[in-house]
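Biologist: Please take a close look at one part of this model, the surroundings of the ligand, and set it against the other hollow spaces in the protein.

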Amino acid sequence: MALEKHTIEQLAEHLDNCELQARDTPKITDDYPDMDWDDAYAIQDTIRARKLARGARIIGYKAGLTSHAKMKQMGVESPVFGFLADYFSVPEGSAVQVSELIHPKVEPEIAFVMKRALKGPGCNIADVLAATDFVLPGIEVIDSRYRDFKFDLKSVVADNTSASRFVVGGQAQRPESVDLRTVGIVLEKNGQPAALGAGAAVLGHPASAIAMLANHLGKRGEEIPAGALILSGGITEAVAVAPGDNVCLRVQGMGSITLRFA
Ligand code: OOG
Ligand code: MG
């Protein structure tokens with residue numbers, strides 16, 4: 001660790017407040033260029049502890065930057081992991097208030113719900129599928145706290161990987177009844193296709209993102225608990241949204257979900 005404990009606490013408070021007050025900030029590595037990976041995850045963990053102390057529950061995890069489209073869009077080259085708090089979840093078909101956010105973008109994702117705990121190291125796609133209860137479509141609303149979405153990997157990890165809101169829905173499927181590599185998706189904005197892709201865009205198979213998450217947590221002595229909901233990462237580049245927009249994600253064989261922005 002390169003940062004002092006009080007600096008980690010101060011940065012966590014700053015980023016948590018930026019989220020709650022919908023304020024942006026320059027990326028934190030501008031002031032702390034020596035920050036290391038442990039510091040970045042320690043800041044994220046401190047943000048999680050602050051939310052738990054305020055009464056939020058942690059319901060799962062997210063993987064991010066798991067597709068080439070996303071890595072290219074953000075100019076980075078490896079996946080990152082964050083947590084999902086209960087209040088990030090919005091009901092299917094409801095309206096997200098843009099005034100509560102900074103500069104939201106939507107991402108088409110495949111969500112996993114686990115029936116058994118999964119602990120790395122050594123987890124692979126087969127282990128993930130065997131531990132999965134069901135998979136279903138998800139739209140993640142990301143909202144980096146960094147000005148103009150300009151960040152590096154350590155800054156984005158500290159900022160809980162831009163996590164903000166998400167919706168899951170459509171028709172859940174058992175993992176053995178869909179081929180998540182070839183499953184096609186269309187993300188529509190105001191009735192027009194805005195992005196299209198297939199599951200394999202996420203690390204060859206969306207379950208690889210879950211395996212990487214389990215292996216990442218395993219290194220820290222943690223595991224994915226049974227019942228966790230996990231977003232496996234944007235299949236396409238993220239699409240900016242504004243008040244008045246209607247977004248619909250259609251996933252082959254898994255129905256569709258909609259979200260409005262007001
Ligand atoms: C980081 C979060 C990326 C995904 O699915 O790739 C992410 C960002 O682009 O702000 O959630
Ligand atoms: Mg995402």
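**Pocket, cavities and ligand**

Modeller: The model is a predicted one. The largest pocket, an open space, has a volume of about 250 Å³. Its lining consists of Trp37, Asp38, Tyr41, Ser78, Pro79, Phe81, Met212, Asn215, His216, Lys219 and Arg220. Two helices, α2 (37-53) and α6 (206-219), each bring at least two residues to this lining, and α6 gives the most, with 4 residues. By class, the lining of the largest pocket has 5 nonpolar, 3 polar and 3 charged residues.

The ligand is found elsewhere, in an enclosed space. The structure has 3 cavities of 30 Å³ or more, and the largest cavity is the space taken by ligand 1. That largest cavity holds about 130 Å³ of space. It is lined by 18 residues, and those nearest its centre are Lys62, Leu65, Lys70, Thr161 and Ser162. Two or more residues of this lining come from each of β1, α3, β4 and β5, with β1 giving the most, 3 residues. The lining of the largest cavity is made up of 8 nonpolar, 5 polar and 5 charged residues.

Now the ligand itself. Ligand 1 is surrounded by 17 residues, of which Lys62, Leu65, Lys70, Ser162 and Gly234 are the closest. Lys62, Leu65, Lys70 and Ser162 are thus named among the closest residues to ligand 1 and also among the residues nearest the centre of the largest cavity. Thr161 is named for the cavity centre, while Gly234 is named for the ligand.

The elements that each supply at least two residues of the shell around ligand 1 are β1 (58-64), α3 (68-74), β4 (105-114) and β5 (132-142). Strand β1 provides the largest share of that shell, 3 residues. Sorted by class, the shell has 7 nonpolar, 5 polar and 5 charged residues.

Three side chains make polar contacts with oxygen atoms of ligand 1. For Lys70, a polar side-chain atom lies 2.7 Å from a ligand oxygen. Lys70 is also one of the residues closest to ligand 1. For Glu107, the distance from a polar side-chain atom to an oxygen atom of ligand 1 is 2.8 Å. For Glu140, an N or O atom of the side chain is 3.0 Å from an oxygen atom of the ligand. On its own, ligand 1 has 320 Å² of accessible area, and the protein covers 100% of it.

The second largest cavity holds about 80 Å³ of space. Its lining residues are Tyr41, Gln44, Asp45, Arg48, Tyr61, Phe81, Gly82, Phe83, His216, Leu217, Arg220 and Glu222. Here α2, β2 (80-85) and α6 each contribute at least two residues, and α2 has the largest share, 4 residues. The lining of the second largest cavity divides into 5 nonpolar, 3 polar and 4 charged residues.

Some residues serve two of these spaces. Tyr41, Phe81, His216 and Arg220 line the largest pocket and also line the second largest cavity. Helices α2 and α6 likewise supply at least two residues each to the pocket lining and to the lining of the second largest cavity.

Conventions: Residues numbered from 1 in each chain as written. Chains lettered and ligands numbered in written order. Predicted model: local features only at pLDDT ≥ 70, side-chain atom pairs only at ≥ 80, totals over all residues. Heavy atoms only, no water. Near = heavy atom within 4 Å. Polar contact = N/O pair within 3.5 Å; in protein donor to acceptor, adjacent residues only side chain to side chain. Areas by Shrake-Rupley, 256 points an atom, 1.4 Å probe, with all protein chains shown as cover. 1 Å grid on protein atoms, 1.4 Å probe; cavity = no way out; pocket = protein on both sides within 12 Å on 5 of 7 lines; lining within 4 Å. Sits in = over half its atoms within 2 Å of the grid points. Nonpolar A, V, L, I, M, F, W, Y, C, P; charged D, E, K, R; others polar. Points joined across faces, edges and corners; volume = space filled by probe spheres on them.
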